[in-house]
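This briefing goes through one protein structure, from its overall make-up to individual side-chain contacts. Please keep the sequence and the coordinates at hand while reading.

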Amino acid sequence: MLKFVKSHMETIDGIATYPMISLLIFFLFFSALFWWVFTTSKERIREMSEMPLDDQQPKASEK
């Protein structure tokens with residue numbers, strides 16, 4: 001099965017660009033996530049962490 005897939009993939013022109021594109025997308029996503037984590041204020045993180053425990057918000061069944 002692997003020989004069939006490998007031989008089929010080798011016949012496609014430009015197939016080597018797809019792993020590079022996926023690596024670039026992976027790197028950009030996690031770089032942006034890393035940047036967001038270190039630039040977000042501690043107050044915003046505290047506010048987001050307390051949201052599940054906040055009783056002030058109406059529940060979906062009460063709307």
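By about how much of helix α3 are R46 and E43 separated? The two residues are 3 apart in helix α3, which spans residues 42–50, and this places them about one helical turn from each other. The model is a predicted one, and the points below take up its overall make-up, then the pairs in helix α3, and then a contact in helix α2.

**Overall make-up**

- The secondary structure of the protein consists of 3 helices and 0 strands, and when it is read along the sequence it gives the pattern α-α-α.
- Of the 63 residues in the protein, 2% are buried, where buried stands for a relative accessible area under 20%.
- The protein exposes an area of about 6600 Å², of which 68% is supplied by carbon and sulfur atoms.

**Salt bridges in helix α3**

- A search across the whole structure returns 2 salt bridges, and the next points describe the pair R46 and E43 and the pair R44 and E47 in turn.
- R46 is joined to E43 by a salt bridge in which the closest N and O atoms are 2.7 Å apart, and these partners are the residues that stand about one helical turn from each other in helix α3.
- On the side of accessibility, R46 is partly exposed at a relative value of 42%, while E43, with a relative accessible area of 49%, is also classed as partly exposed.
- R44 and E47 bring their side chains together in a salt bridge with an N to O distance of 3.5 Å, which falls within the 4 Å that a salt bridge allows.
- R44 and E47 are likewise residues of helix α3, set 3 residues apart and therefore separated by about one helical turn.
- R44 has a relative accessible area of 41% and counts as partly exposed, and E47, for which the corresponding value is 42%, is partly exposed as well.

**A side-chain to backbone contact at S31**

- S31 belongs to helix α2, the helix that covers residues 17–39, and its relative accessible area of 30% makes it partly exposed.
- A polar atom in the side chain of S31 lies 2.7 Å from the backbone oxygen of F27, a distance that is within the 3.5 Å used for a polar contact.

Conventions:
Residues are numbered from 1 along each chain as its sequence is written. This is a predicted model: local features need pLDDT of at least 70, side-chain atom pairs count only at pLDDT 80 or more; totals for chains, interfaces and linings use all residues. Side-chain values use heavy atoms; hydrogens and water are left out. Helices (H or I, at least four residues) and strands (E, at least two) are DSSP runs, numbered from the N terminus. Buried means under 20% relative accessible area, exposed over 50%, partly exposed in between (1.4 Å probe, protein chains only). Accessible areas come from the Shrake-Rupley method with a 1.4 Å probe; for residues, only the protein chains shown count as cover. A polar contact is a pair of N or O atoms within 3.5 Å; within protein, one must be able to donate a hydrogen and the other to accept it, and residues adjacent in sequence count only if both atoms are side-chain atoms.
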